[in-house]
Amino acid sequence: SPEERELIRVLLGYEDTLKNAFHSYKPNVVAQYLLDVCQAFNRFYNQHRILGEPEAIASSRMALVDATRRVLEAGLGVLGISAPDAM
C-alpha cells in the first residue's frame, strides 16, 4: 500500500539523516526526522489492520512496526532521550 511504502521509505532515510545531522552539527535534523517517522507510522497505522489479517500480511506489518520501534528508539537515544516502554 502507499502508506506502507512511504513508511519504509522514511525508515530507510535514518542513516542519511544521522550523517547529515553529524556533519552539519544540527541535532534538530534528527528530531525532525523522528517526527516524520511518527507521522508516516500514524498514517500507516490508521489505514491498516494488523491483527486479524492473514498471517503473511500480519507478520509483514508487525515487522514494519518493529522496524519503526527500533528506529525511534535509536534516534531518541542519539538525542539522549529514553524511549518509553509502553504507550
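1. A residue counts as buried when its relative accessible area is under 20%, and as exposed when that value is over 50%. This cut-off is worth having in hand before looking at glutamate 4, which lies in helix 1 and has a relative accessible area of 18%, so that it is classed as buried. The structure discussed here is a predicted model, and the remarks below should be read with that in mind.

2. Which residues does glutamate 4 touch, once those up to four places away in sequence are not counted? They are Phe44, His48, Arg61 and Leu64. Of these, Arg61 and Leu64 also appear on the helix 4 side of the contact between helix 1 and helix 4, while Glu4 itself is one of the residues contributed by helix 1.

3. Helix 1 (residues 2-12) packs against helix 4 at an angle of about 30°, and the two axes are 11 Å apart. Because angles under 35 degrees count as roughly parallel, helix 1 is described as roughly parallel to helix 4. The crossing of this pair is left-handed. From helix 1 the contact draws on Glu4, Leu7, Ile8 and Leu11, and from helix 4 on Arg61, Leu64, Ala67, Thr68 and Val71. Sorted by class, these comprise six nonpolar, one polar and two charged residues.

4. Helix 4 also packs against helix 3 (residues 28-47), here at an angle of about 160° and with the axes 10 Å apart. Since angles over 145 degrees count as roughly antiparallel, helix 3 is roughly antiparallel to helix 4. This crossing, too, is left-handed. Helix 3 brings Val30, Tyr33, Leu34, Val37, Cys38, Phe41 and Phe44 to the contact, where they meet Arg61, Leu64, Val65, Thr68, Val71, Leu72, Gly75 and Leu76 of helix 4. By class, there are 12 nonpolar, two polar and one charged residues in this contact.

5. Threonine 68, found in helix 4 (residues 55-78), deserves a closer look. Is threonine 68 buried or exposed? Its relative accessible area is 2%, and it is therefore counted as buried. Leaving aside neighbours within four places in sequence, threonine 68 is in contact with Leu7, Leu11, Val37 and Phe41; Leu7 and Leu11 belong to the helix 1 side of one contact, whereas Val37 and Phe41 belong to the helix 3 side of the other. Within its surroundings, the side chain of threonine 68 also reaches the backbone oxygen of leucine 64, at 2.9 Å.

6. A distance may help with orientation: threonine 68 and asparagine 28 are 40 residues apart in sequence, and their C-alpha atoms are 19 Å apart in space.

7. Finally, tyrosine 25 may be checked by eye, in the loop between helix 2 (14-24) and helix 3. Most residues other than glycine have a negative phi. Tyrosine 25, although not a glycine, has a positive phi of about 55°. With a relative accessibility of 74%, tyrosine 25 is counted as exposed.

Definitions and conventions:
Residues are numbered from 1 along each chain as its sequence is written. This is a predicted model: local features need pLDDT of at least 70, side-chain atom pairs count only at pLDDT 80 or more; totals for chains, interfaces and linings use all residues. Side-chain values use heavy atoms; hydrogens and water are left out. Helices (H or I, at least four residues) and strands (E, at least two) are DSSP runs, numbered from the N terminus. Buried means under 20% relative accessible area, exposed over 50%, partly exposed in between (1.4 Å probe, protein chains only). A polar contact is a pair of N or O atoms within 3.5 Å; within protein, one must be able to donate a hydrogen and the other to accept it, and residues adjacent in sequence count only if both atoms are side-chain atoms. Contact means heavy atoms within 4.5 Å. Axes are lines fitted to C-alpha atoms, for helices over the stretch in contact, and angles run from 0 to 180 degrees between N-to-C directions. Angles under 35 degrees count as roughly parallel, over 145 as roughly antiparallel, 65 to 115 as roughly perpendicular and the rest as oblique. A crossing is left-handed if the near helix is turned anticlockwise from the far one by less than a right angle, and right-handed if clockwise. Ala, Val, Leu, Ile, Met, Phe, Trp, Tyr, Cys and Pro count as nonpolar, Asp, Glu, Lys and Arg as charged, and the others, Gly among them, as polar.
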